[in-house]
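Colleague: Please take a close look at one part of this model for me, the largest pocket, and go through its lining. If there is room, add a few words on a strand of your choice.

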Amino acid sequence: MGQKTNPLGFRIGITEDWRSRWYATKKEFGDLLVEDQKIRKFINTEYKSAAIDKVEIERTRDQVVVYLHSARPGIIIGRKGQEIDRLKARLEDVFGRRMEVKIIEINNPFRRAQLIAEDMAQQLIKRGSFRRAIKRSLDQVMEAGVKGVKVQLSGRLGGAEMSRCEKASRGSIPLSTLQRRVDYGFAIAQTAQGVIGVKVWVDLGDYADEENTDGSYAETGQASKKPKRSHKR
């Protein structure tokens with residue numbers, strides 16, 4: 001039995017929230033789905049250096065709200081908020097809808113699998129040693145206080161003639177445990193020798209541990225064991 005299921009897709013609707021939150025008829029659904037993908041591609045292309053982990057989209061009848069989770073929000077906001085106003089105007093011009101952009105700052109980028117994968121890809125593009133990149137990333141991620149991390153590189157590693165797959169891991173990565181928050185990220189490094197794929201899995205612990213941060217509830221035994229969803233299905 002293969003184990004190629006995306007950990008995020010496996011948990012969506014159960015313990016993970018949807019990345020796009022809106023309702024549409026059968027006639028409109030396909031067009032809105034394609035539009036969501038175009039919005040994400042547009043933002044990730046324009047703001048590659050902003051360290052964007054994910055883009056969440058909410059739609060109402062008259063406007064689209066875009067949430068950007070970024071480790072470098074200053075790049076998106078710009079001086080006196082000029083850049084974010086320009087982004088909003090460009091999105092409205094391209095997609096013809098009323099847009100609102102909200103930025104959520106990421107405090108520790110070494111706890112986000114997508115940002116770790118992109119950082120490793122940048123090291124490979126700059127002709128860095130893939131072994132050094134793996135070791136450095138594993139050290140930084142474990143220092144961030146996660147339960148475990150796994151990294152996989154595939155391609156012509158080190159300029160070798162034949163492509164191969166290199167894996168490394170530390171701690172635990174329980175991919176099939178739904179109550180465990182496993183983050184997944186994928187990035188591509190366009191090197192002179194060819195394309196190298198970077199996959200990263202990060203175990204952030206149980207959902208219940210992260211959400212129930214109130215010590216008084218924990219002491220009295222009233223802390224909920226079930227993970228909470230911020231949005232109802």
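Modeller: Happy to! Let me start with the chemistry: the lining of the largest pocket is made up of 20 nonpolar residues, 15 charged ones and eleven polar ones. Please keep in mind that this is a predicted model. As for the space itself, the largest pocket holds about 1,600 Å³. Its lining counts 46 residues, and those closest to the centre of the pocket are N44, I52, D53, Q114 and E118. Five elements each give two or more residues to this lining: the helices α2 (26-46), α5 (113-125) and α6 (130-143), together with the strands β2 (52-59) and β7 (180-190). Of these, β7 supplies the largest share, with nine residues.

For the strand, I would pick β5, which spans residues 148-155. Is β5 mostly covered or mostly open? It is mostly covered, as six of its eight residues are buried. β5 also has strand partners that you can trace in the view. With β6, residues 164-171, it pairs in the antiparallel sense over eight bridges. With β8, residues 195-206, the pairing is again antiparallel and runs over seven bridges. A handy residue to click on is L153: it stands opposite E166 in β6, and it also stands opposite V198 in β8. Starting from L153, you can follow β5 out to β6 through E166 and to β8 through V198.

Note on methods
Residues are numbered from 1 along each chain as its sequence is written. This is a predicted model: local features need pLDDT of at least 70, side-chain atom pairs count only at pLDDT 80 or more; totals for chains, interfaces and linings use all residues. Side-chain values use heavy atoms; hydrogens and water are left out. On a 1 Å grid over the protein atoms alone, a cavity is a set of points where a 1.4 Å probe fits but cannot get out, and a pocket is an open set with protein on both sides within 12 Å along at least five of seven lines; lining residues have an atom within 4 Å of a point. Grid points are joined across faces, edges and corners, and a volume is the space filled by probe spheres set on the points. Helices (H or I, at least four residues) and strands (E, at least two) are DSSP runs, numbered from the N terminus. Ala, Val, Leu, Ile, Met, Phe, Trp, Tyr, Cys and Pro count as nonpolar, Asp, Glu, Lys and Arg as charged, and the others, Gly among them, as polar. Buried means under 20% relative accessible area, exposed over 50%, partly exposed in between (1.4 Å probe, protein chains only). Two strands pair if DSSP finds at least two bridges between them.
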